[in-house]
Amino acid sequence: MASPTSLIAVTAKSNRAKADKDPAEWMPPTAACHCAYVTGWVETKLRWSLSADDRERDALLGLAEDCPGATVTYETVPFDTTQ
């Protein structure tokens, strides 16, 4: 969990609005935060080898077009399958 973008402090109202929605269903209300949010979302998906459905993937690709200078940096989490 050592990533600084894994958890970001927000108000209770923002947390309730987001709930369990992905970027296809919810984005931060402040447009200036969109690129950082999308980058962090993709980094987390890649770090934990999580899948994205078609709707989420399409939304992320569309949002990425508005973030030409954004860079996704991540390290995958090693999984121990023997436990």
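Biologist: Leaving aside its neighbours within four places in sequence, which residues is Leu50 in contact with?

Modeller: Before reading any contact, bear in mind that this is a predicted model. Once the neighbours within four places in sequence are set aside, Leu50 is in contact with Thr44 and Lys45. Leu50 itself lies in the loop between α2 and α3, and it is partly exposed, with a relative accessible area of 48%.

Biologist: How much confidence does the predictor place in the chain, and where is that confidence lowest and highest?

Modeller: The mean pLDDT of the chain is 86, and 88% of the residues reach 70 or more. In the chain, confidence is lowest in α1, at a mean of 87, and highest in α3, at 95.

Biologist: Which residues make up the largest nonpolar core?

Modeller: The general idea is that in soluble globular proteins nonpolar side chains tend to be buried together. Here the largest nonpolar core has seven residues, namely Trp26, Met27, Tyr37, Val38, Trp41, Leu60 and Leu63. Two elements, α2 (34-47) and α3 (54-64), give two or more residues to this core, and the largest share, three residues, comes from α2.

Biologist: Taking Tyr37 as one member of that core, which residues is Tyr37 in contact with, leaving aside its neighbours within four places in sequence?

Modeller: With those neighbours left out, Tyr37 is in contact with Lys18, Pro23, Trp26, Met27 and Pro28. Trp26 and Met27 also belong to the largest nonpolar core.

Biologist: What can I read from a helix such as α3, and which of its residues are buried?

Modeller: For a helix, one can ask which residues are buried and then where they lie around the axis. In α3 the buried residues are Glu56, Ala59, Leu60 and Leu63. They cover an arc of only 100° around the axis, so they lie on the same side of α3. These buried residues of α3 pack against α2. At the start of α3, a side-chain oxygen of Asp53 reaches to within 3.2 Å of the backbone nitrogen of Arg55.

Biologist: How many salt bridges does a search of the whole structure find?

Modeller: The search finds three salt bridges, and for each pair it helps to ask where the partners sit and whether they are buried or exposed. Glu25 forms one with Arg55, with the closest N and O atoms 3.8 Å apart. Because Glu25 lies in the loop between α1 (12-18) and α2 while Arg55 lies in helix α3, this pair ties together parts that are 30 residues apart in sequence. Glu25 is partly exposed, with a relative accessible area of 44%, whereas Arg55, at 53% relative accessibility, counts as exposed.

Biologist: Which side chain meets that of Glu56 in a salt bridge, and are the two residues buried or exposed?

Modeller: The side chain of Glu56 meets that of Lys45, at 3.3 Å from N to O. This pair links distant parts of the chain, with Glu56 in helix α3 and Lys45 in helix α2, 11 residues apart. Both Glu56 and Lys45 are buried. In another salt bridge, Arg57 pairs with Asp58, the closest N and O atoms being 4.0 Å apart, and Arg57 counts as partly exposed at 47% relative accessibility.

Biologist: To practise on one more residue, where is Thr39 placed, and is Thr39 buried or exposed?

Modeller: Thr39 is in helix α2, and Thr39 is buried because its relative accessible area is 13%, which is under 20%. Leaving aside its neighbours within four places in sequence, Thr39 is in contact with Ala70, Thr71 and Val72.

Conventions. Residues numbered from 1 in each chain as written. Predicted model: local features only at pLDDT ≥ 70, side-chain atom pairs only at ≥ 80, totals over all residues. Heavy atoms only, no water. Core = buried A, V, L, I, M, F, W, Y, C linked by side-chain atoms within 4.5 Å. Buried < 20%, exposed > 50% of the residue type's maximum accessible area, 1.4 Å probe, protein only. Helix = DSSP H or I, 4+ residues; strand = E, 2+ residues; numbered from the N terminus. Contact = heavy atoms within 4.5 Å. Arc of directions from axis to C-beta. Polar contact = N/O pair within 3.5 Å; in protein donor to acceptor, adjacent residues only side chain to side chain. pLDDT = per-residue confidence, 0-100.
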